[in-house]
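Good morning, everyone, and thank you for making room for me today. I would like to walk you slowly through one structure, so please have the view open in front of you.

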Amino acid sequence: MTMATAQLNPTQLTPPYQDVQSHYDLSNDFYRIFLGPTMLYTCAYYERDEFTLEEAQIAKNDLALGKCDLKPGQRLLDIGCGWGATIIQAVEKYGVRGVGITLSGEQVKWAKQAAQHLGDRAEFRMQGWEEFDEPVDRIVALCSTEHFREERYGVFFEKCYRLLPSQAPMLIQVIVFPEESAQKEKCLTWTEEDVAFAKFIGRKIFPGGQLRAPSTLCRYAKQAGFETTRIQSLQPHYAKTLDAWAERLEANREAAIELTSPEIYEMYMRYITGCADRYRSGKIDVVQISLWKAE
Ligand SMILES: C[S@@+](CC[C@H](N)C(=O)[O-])C[C@H]1O[C@@H](n2cnc3c(N)ncnc32)[C@H](O)[C@@H]1O
């Protein structure tokens with residue numbers, strides 16, 4: 001157990017509802033404008049160059065779910081399920097029973113509506129991983145751990161390890177800083193503009209969010225008992241995903257402003273295009289980390 005973990009009482013952790021809701025509860029209709037009908041809010045996987053955003057998002061889900069060795073009837077937990085599309089695809093295509101948790105009430109409303117045809121095979125709850133304590137067979141977390149903060153990583157991985165049976169995979173997709181060695185090798189330097197952009201993201205877009213290098217996450221996962229079996233970077237795919245979001249948002253500027261405000265529109269354009277630039281320059285990365293619980 002790490003020092004950071006030792007200081008936290010896992011049964012008394014409160015999820016950061018306010019910070020997370022300030023972003024995701026903004027307006028489902030606004031997000032629909034640039035995310036499109038899948039409402040997937042993570043890096044898509046352009047398995048083929050000519051893929052549309054929608055095809056690439058479905059391919060991303062398949063890439064992640066395919067690493068989870070899903071068997072019909074198994075119970076899959078999606079931690080940070082967003083608007084529900086990963087659980088829906090897993091239930092429809094892999095025959096599992098899904099439970100998705102998110103801190104956003106708007107996302108739960110949307111997901112429940114979208115999954116109506118699946119009955120009790122797909123369940124969505126407004127609940128943090130801190131409050132979830134039921135056995136599951138598989139776990140995915142697609143771009144949600146960025147909200148958890150390092151001081152909670154130990155408790156998070158220990159809980160996931162405890163909820164899973166032995167011989168079980170877990171898959172995390174996460175935005176990361178490249179390892180220091182890779183930054184040096186590529187001579188990546190953070191300019192004043194980069195620092196100002198990071199502050200803007202922390203203050204206005206994702207309050208409470210935090211990025212780390214893959215090795216930091218893997219270290220906490222290892223301490224909990226997991227083995228890291230694969231790390232796959234999707235870096236160029238996130239630049240392309242963000243370009244698609246920016247293009248859609250810009251093309252629907254008036255509708256977006258009507259649903260929110262000119263300030264919000266400008267903020268989102270700055271955030272989306274600024275992140276795309278930083279994936280292109282290699283200053284941030286996004287990876288799928290495959291974990292394995294042996295015993
Ligand atoms: C960027 S979205 C990703 C959504 C979805 N996985 C996707 O691929 O579209 C991050 C998600 O993490 C969720 N989240 C953040 N902190 C959480 C916590 N402590 N427990 C559960 N979900 C959390 C948010 O509510 C949101 O649904």
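I will begin with the ligand and the residues around it, and then visit several places elsewhere in the chain.

Before anything else, please keep in mind that this is a predicted model, and that every value I mention is computed from it.

Let us start with the ligand. How many residues surround the ligand, and which are the closest? There are 22 of them, and the closest are Tyr41, Thr42, Gly80, Thr102 and Gln107. If we sort the residues of this shell by character, we find eleven nonpolar, ten polar and one charged. Two elements that each supply at least two residues of the shell are helix α2, residues 17–24, and strand β2, residues 97–102.

The backbone also comes up to the ligand in several places. A polar backbone atom of glycine 80 lies 2.7 Å from a nitrogen atom of the ligand, while an oxygen atom of the ligand is 3.2 Å from a backbone N or O atom of glycine 82. For leucine 103, the distance between a backbone N or O atom and an oxygen atom of the ligand is 3.1 Å. As for how well the ligand is covered, it would expose 600 Å² if taken alone, and the protein buries 98% of that area.

Threonine 102, which I named among the closest residues to the ligand, deserves a moment of its own. This residue is found in strand β2, and because its relative accessibility is 6%, under the 20% cut-off, it counts as buried. Its side chain reaches the backbone nitrogen of serine 104 at 3.0 Å. Not counting residues up to four places away in sequence, threonine 102 touches Cys81, Gly82, Gln107, Val108, Arg125, Met126 and Gln127.

Next, please move to cysteine 43, which sits in the loop between α3, residues 28–35, and α4, residues 53–66. Is cysteine 43 buried or exposed? Its relative accessibility is 0%, and therefore it counts as buried. If we leave aside its neighbours within four places in sequence, the contacts of cysteine 43 are Gln57, Lys60, Gln173, Leu234, His237, Tyr238, Thr241 and Val286. You can also look at valine 174, which is 131 residues away from cysteine 43 along the chain, with 9.2 Å between the two C-alpha atoms.

Two of those contacts, Gln57 and Lys60, appear again when we turn to α4, because both are on the list of its buried residues. This helix has 14 residues and reaches 19 Å from its first C-alpha to its last, which is close to the 20 Å expected at 1.5 Å a residue. It is mostly covered, with eleven of the 14 residues buried, and among them are charged side chains such as Glu54 and Asp62 as well as Leu53 and Ala56.

From here we go to strand β7, residues 285–293, where valine 287 is found. Valine 287 has a relative accessible area of 3%, so it is buried. Its contacts, again without the neighbours within four places in sequence, are Ile172, Gln173, Val174, Val176, Pro214, Ile231, Gln232 and Ser233. The C-alpha atom of valine 287 is separated by 12 Å from that of glutamate 179, and their positions lie 108 residues apart in the chain numbering.

My next stop is glutamate 130, in the loop between β3, residues 122–126, and β4, residues 138–142. With 9% relative accessibility, glutamate 130 counts as buried. Its side chain makes a polar contact with the side chain of tryptophan 129 at 3.3 Å, and another with the side chain of arginine 152 at 3.2 Å.

Finally, I would like to show you two residues with a particular backbone angle. Aspartate 69, in the loop between α4 and β1, residues 75–79, has a positive phi of about 50° although it is not a glycine. Cysteine 187, in the loop between α8, residues 180–185, and α9, residues 192–205, also has a positive phi, near 50°. As for accessibility, aspartate 69 is partly exposed at 41%, whereas cysteine 187 is exposed, with a relative accessible area of 64%.

That is the end of my tour, and thank you for listening.

Conventions: Residues numbered from 1 in each chain as written. Predicted model: local features only at pLDDT ≥ 70, side-chain atom pairs only at ≥ 80, totals over all residues. Heavy atoms only, no water. Helix = DSSP H or I, 4+ residues; strand = E, 2+ residues; numbered from the N terminus. Buried < 20%, exposed > 50% of the residue type's maximum accessible area, 1.4 Å probe, protein only. Contact = heavy atoms within 4.5 Å. Near = heavy atom within 4 Å. Polar contact = N/O pair within 3.5 Å; in protein donor to acceptor, adjacent residues only side chain to side chain. Areas by Shrake-Rupley, 256 points an atom, 1.4 Å probe, with all protein chains shown as cover. Expected span 1.5 Å × (residues − 1).
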